[in-house]
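Thanks for making the time this morning. I would like to walk you through one structure, taking it a region at a time, so please have a look at it before I begin.

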Amino acid sequence: MSQKLIWLLVFASVISFQANAQNTLHPTSSEYEYPTDPKVAEKLEQWRDQKFGILIHWGIYAVPGIVESWSINNEDWINRKDTTQSYDDYKKWYFGLSEKFNPQGFDPNQWADAADKAGMKYVVFTTKHHDGFNMFDTQFTDYKITNGPFASNPKADVAKYVFDAFREKDMMIGAYYSKPDWHSQYYWWDYRATPDRNVNYDIRKHPWRWKQYVQFTHNQLNEITTNYGDIDILWLDGGWVRPKSTINDEVLSWGAPIPDFDQEINMPKVAETVRANQEGILIVDRTVHGPFENYRTPEQGIPAEMSSDPWESCITLGGAWGFVPNDKFKPSRKVIHLLIEIVAKGGNLLLGVGPTADGLFLPEQISRLEEIGQWLEVNGAGIYDTRAIENFQDDKLYFTQGKAKEMYALMPLAEGEQVGETISWTLNAPKKDSKITILGEKKSLKWKTVDGKTVVSLPKNLQEKFSNSPAIVLTYVSE
């Protein structure tokens with residue numbers, strides 16, 4: 001099944017070296033192809049039920065507290081602070097952070113507990129970002145967490161312990177993996193300069209070297225899907241590594257140079273390998289339309305319209321994906337509002353939370369997650385296991401529908417907003433004699449239809465009770 005949609009994105013702010021957002025953000029894919037493999041389709045619908053996940057960026061970039069990987073890219077939009085330091089010296093310093101990354105406080109159980117209390121249902125963890133530093137015990141490079149000062153720690157094979165901790169919370173497991181590897185001599189070859197994010201040699205002139213890179217990539221993906229237990233999602237980042245024939249307006253919007261040749265890693269073979277290891281695993285080859293983009297992943301923004309196709313907005317809790325000092329975290333109310341809008345439009349929210357260099361979430365991150373979870377504990381029925389409907393919004397109300405066809409009307413409330421005596425809407429009218437209740441409350445509310453509008457009356461005690469709530473969720477049976 002193939003369907004073409006054009007979504008408009010509303011982008012949130014992001015920290016990236018004073019960069020223009022278009023240089024790094026993956027926009028929404030404009031085309032989608034639903035999987036034909038029944039096991040993949042089954043896994044996909046299971047994932048769609050989860051609605052809320054956590055994306056954890058963690059690597060050597062946490063040591064100085066800078067944005068992940070991008071500072072070693074030499075494109076014009078990147079501004080490093082020290083203008084007296086040469087690019088080569090900067091790269092040497094950055095790659096050398098592997099000798100300083102010694103997270104003795106690493107506590108994956110703390111992460112999993114915080115995510116569980118937040119009401120999150122799946123995790124995506126960075127096994128390797130673009131800088132090529134591996135957070136798992138790969139046997140195909142020495143540039144890894146198990147080969148530095150952390151090597152003697154019992155939890156040195158970080159990915160294993162992260163995945164185990166989240167599995168204990170019954171969460172789906174996702175492995176983030178960067179297709180480009182800026183540390184690999186088969187991608188960024190020291191023989192040549194590295195002017196941009198792409199492979200730095202002409203693949204047509206050096207086919208052996210590229211073949212080595214493709215094999216290296218396949219070997220690592222085989223490791224991840226063989227040695228680390230059940231993996232539900234393979235989340236592939238770095239969408240510029242792709243066949244040239246798939247370059248589209250979304251890719252061009254990044255403003256990055258486009259090589260005059262394929263950066264093809266043989267995705268059919270990747271899929272064959274990982275699905276032999278993990279039956280039904282979802283593959284998310286971001287922005288590369290077709291059978292290996294099992295769901296779409298707009299970044300730092302929400303599409304303007306609803307889509308019945310599966311998608312996920314990945315959005316940071318703070319301003320950066322990884323840990324940076326003095327980051328400003330979104331209020332829990334803001335995250336709840338994002339979640340409501342995303343779910344009503346048919347998507348999932350993957351919230352980015354970055355641990356410190358010592359391997360811990362900050363108290364402020366944990367408190368934000370707990371506040372989100374407190375709201376979801378009462379109102380989760382309007383979020384989890386729901387699907388979007390055509391009339392997903394009526395003024396400030398959003399609507400979702402449960403699997404028993406029950407309807408939910410979700411009304412976000414701004415900080416300090418007073419709850420009025422009535423809540424009203426025109427679309428998705430209740431069935432005659434239907435009971436309307438607020439989630440968490442036992443008593444039905446009085447309602448009537450006035451000039452085609454549903455008007456629900458709130459008693460004064462409920463107006464006061466919900467005066468400081470991030471959102472109210474009503475449930476009823478619609479016509």
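**Helix α5 and what covers it**

Let me begin with the cover over helix α5: among the elements that lie over its buried residues are β5 (122–128), β6 (172–178), β7 (233–237) and α7 (267–277). I should say at once that this is a predicted model. The buried residues of α5 include Trp 210, Tyr 213, Phe 216, Leu 221 and Ile 224, and also Arg 209, His 218 and Glu 223. As for its length, α5 runs over residues 207–227, and because 21 residues at 1.5 Å a residue should span 30 Å, the 30 Å between its end C-alpha atoms agrees with what is expected. Just after α5 comes Gly 229, which takes a positive phi of about 75 degrees.

Now to a pair of helices. How do α8 and α9 cross? The axes of α8 (residues 332–344) and α9 (residues 363–379) come within 9 Å and cross at roughly 50 degrees, so α8 counts as oblique to α9. The crossing in which α8 passes α9 is right-handed. Where they meet, α8 brings Ser 332, Val 335, Ile 336, Leu 339 and Ile 340, while α9 brings Arg 368, Glu 371, Ile 372, Trp 375 and Leu 376.

Finally, a sheet. Three strands, in the order β15-β18-β17, form an open sheet with antiparallel pairing, and its edge strands, each pairing on one side only, are β15 (422–425) and β17 (447–450). From one strand to the next the twist averages 25 degrees. Between β17 and β18 (residues 453–457) the antiparallel pairing extends over four bridges, and Trp 447 stands opposite Val 456 in β18.

Methods: Residues are numbered from 1 along each chain as its sequence is written. This is a predicted model: local features need pLDDT of at least 70, side-chain atom pairs count only at pLDDT 80 or more; totals for chains, interfaces and linings use all residues. Side-chain values use heavy atoms; hydrogens and water are left out. Helices (H or I, at least four residues) and strands (E, at least two) are DSSP runs, numbered from the N terminus. The expected span of a helix is 1.5 Å times one less than its number of residues. Buried means under 20% relative accessible area, exposed over 50%, partly exposed in between (1.4 Å probe, protein chains only). Contact means heavy atoms within 4.5 Å. Two strands pair if DSSP finds at least two bridges between them. Axes are lines fitted to C-alpha atoms, for helices over the stretch in contact, and angles run from 0 to 180 degrees between N-to-C directions. Angles under 35 degrees count as roughly parallel, over 145 as roughly antiparallel, 65 to 115 as roughly perpendicular and the rest as oblique. A crossing is left-handed if the near helix is turned anticlockwise from the far one by less than a right angle, and right-handed if clockwise.
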